[in-house]
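Please read this report beside the sequence and the coordinates. It goes through strand pairing, the ligand shell, the core and a few loop residues in turn.

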Amino acid sequence: MTAPSSFDIASIATIATPFKQKFAIPRQPNLAKAQGVITFGEGFNDINMLKGIEHYSHLWLLFIFHQNLERGWKSTVKAPRLGGNATMGVLASRSTHRPNGIGMSVVVNKGITSRNGQTQLCVEGVDLVDGTPLIDVKPYISYADSVDNAKDKLDDINPIPHRDVFFAPSLSSMLAKIETKHSDFSALVTAVLAQDPRPAYKQHLDNDEKIYRVTLYDIDVGFTIKNAAVCVTELVQLG
Ligand code: SAM
């Protein structure tokens, strides 16, 4: 029997994350301890599907890059790790512009909650935009998935940036107020901005007066780059 050449794949769940836009989301999971809450959708809201998942410290999330689907896919993509202009084959990259728009991330398993008949699975270390549809969840199996001698030569050429992050002293009371609701807020902002989310062609600039903006949870965060560090200059509660 020949295999079909196309398949129906359903979204089984959506994930809520602090990342309200693609900009500034870490390039890969576990670069920031960002929390995710997975809510299973109609037809998949069955806690039995998760029976035994507590045996695993980490999980694979398979998902759809839903915010890029309408832009289609390309055989070659610009590689941020190569400075942003050089290209690589899409299948030699973790680009979002893939033939089937499927992404995969290893995250920390923080456990199941079930309230009013709604099953949720909490995870940590996500690199997904809020509302991303999931098509599968699988346990991370270290004896097979962890490869001791794996090489990523691009990491040697162009490692992920790491800048110091400072909050303007005038923001301290606002920060304390935000943390009554989101206790991980300053740690999250620090981890996200330390990776210098500016476009690759700007990342060599150690002083950049432009004010960049990113929304984390319901907070608009404004930042600049000064003396090689990231300076958070504005925090605005939205809505
Ligand atoms: N770990 C996954 C993988 O390798 O398949 C994702 C890697 S991809 C380079 C990570 C980026 O995808 C994030 O920085 C964000 O900009 C983007 N992204 C996250 N969720 C998305 C979504 N639902 N639709 C489109 N882009 C998304």
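The paragraphs below describe the model element by element.

This is a predicted model, in which local features need pLDDT of at least 70 and side-chain atom pairs count only at pLDDT 80 or more, while totals for chains, interfaces and linings use all residues. Residues are numbered from 1 along each chain as its sequence is written.

**Strands and their pairing**

Helices (H or I, at least four residues) and strands (E, at least two) are DSSP runs numbered from the N terminus, and two strands are said to pair if DSSP finds at least two bridges between them. The pairings discussed here are collected in the table, with one facing residue pair where it is given.

| Strands | Sense | Bridges | Facing residues |
|---|---|---|---|
| strand 1 and strand 2 | antiparallel | four | T14 and T39 |
| strand 1 and strand 8 | antiparallel | three | T14 and P133 |
| strand 2 and strand 7 | antiparallel | five | G36 and V123 |
| strand 3 and strand 6 | antiparallel | seven | L59 and V107 |
| strand 3 and strand 8 | antiparallel | five | F63 and L134 |
| strand 6 and strand 7 | antiparallel | seven | N109 and V123 |

Strand 1 covers residues 13–16, and its side chains alternate, with A13 and I15 pointing to one face and buried, whereas T14 and A16 point to the other face and are not buried. In this report a residue is buried if 20 or more other C-beta atoms lie within 10 Å of its own, exposed if 12 or fewer, and partly exposed in between, with C-beta atoms placed from the backbone. T14 stands opposite T39 in strand 2, and T14 also has P133 in strand 8 as a bridge partner.

V123 of strand 7 likewise appears in two pairings, since it is the bridge partner of G36 and stands opposite N109. Strand 2 comprises residues 35–40 and strand 7 residues 118–124, while strand 3 comprises residues 58–64 and strand 8 residues 132–139.

For the record-based view, UniProt lists residues 9–149 in an unreviewed entry as "domain: TsaA-like"; such positions are given in the numbering used here, feature names are shortened, and annotations may be inferred rather than shown by experiment. The end C-alpha atoms of residues 9–149 lie 34 Å apart, and the span is 3% helix and 37% strand.

**The shell around the ligand**

Which residues come closest to the ligand? The ligand is surrounded by 18 residues, of which K22, I25, Q67, R94 and G103 are the closest, where a residue is near a molecule or strand if its C-beta atom, placed from the backbone, lies within 6 Å of it. Strand 6, residues 102–115, gives the most to this shell, with three residues. By class the shell holds six nonpolar, eight polar and four charged residues, with Ala, Val, Leu, Ile, Met, Phe, Trp, Tyr, Cys and Pro counted as nonpolar, Asp, Glu, Lys and Arg as charged, and the others, Gly among them, as polar.

**The largest nonpolar core**

A nonpolar core is a set of buried Ala, Val, Leu, Ile, Met, Phe, Trp, Tyr and Cys residues joined through C-beta atoms within 7 Å. The largest one has 33 residues, and L134, L188, V189, V192 and L216 touch the most other members. Helix 4, residues 185–194, supplies the largest share of this core, five residues. The core draws at least three residues from each of domain 1 (13–145) and domain 2 (161–237), bounds that come from an automatic or database domain assignment. L134 is also the residue that F63 faces in strand 8.

**Loop residues**

Most residues other than glycine have a negative phi. N116 departs from this, with a positive phi near 50 degrees, and sits in the two-residue turn of the hairpin formed by strand 6 and strand 7. N116 counts as exposed because 4 other C-beta atoms lie within 10 Å. N227, in the loop between strand 11 (219–226) and strand 12 (229–237), has a positive phi of about 45 degrees although it is not a glycine; N227 is exposed because it has 9 other C-beta atoms within 10 Å.Is Q28, in the loop between strand 1 and strand 2, buried or exposed? Q28 counts as exposed because it has 12 C-beta neighbours inside 10 Å, and its C-alpha atom is separated by 7.9 Å from that of V126, 98 residues apart along the chain. S93, in the loop between strand 5 (87–89) and strand 6, counts as partly exposed because it has 19 C-beta neighbours inside 10 Å. The C-alpha atoms of S93 and K78, which are 15 residues apart along the chain, are separated by 9.4 Å.
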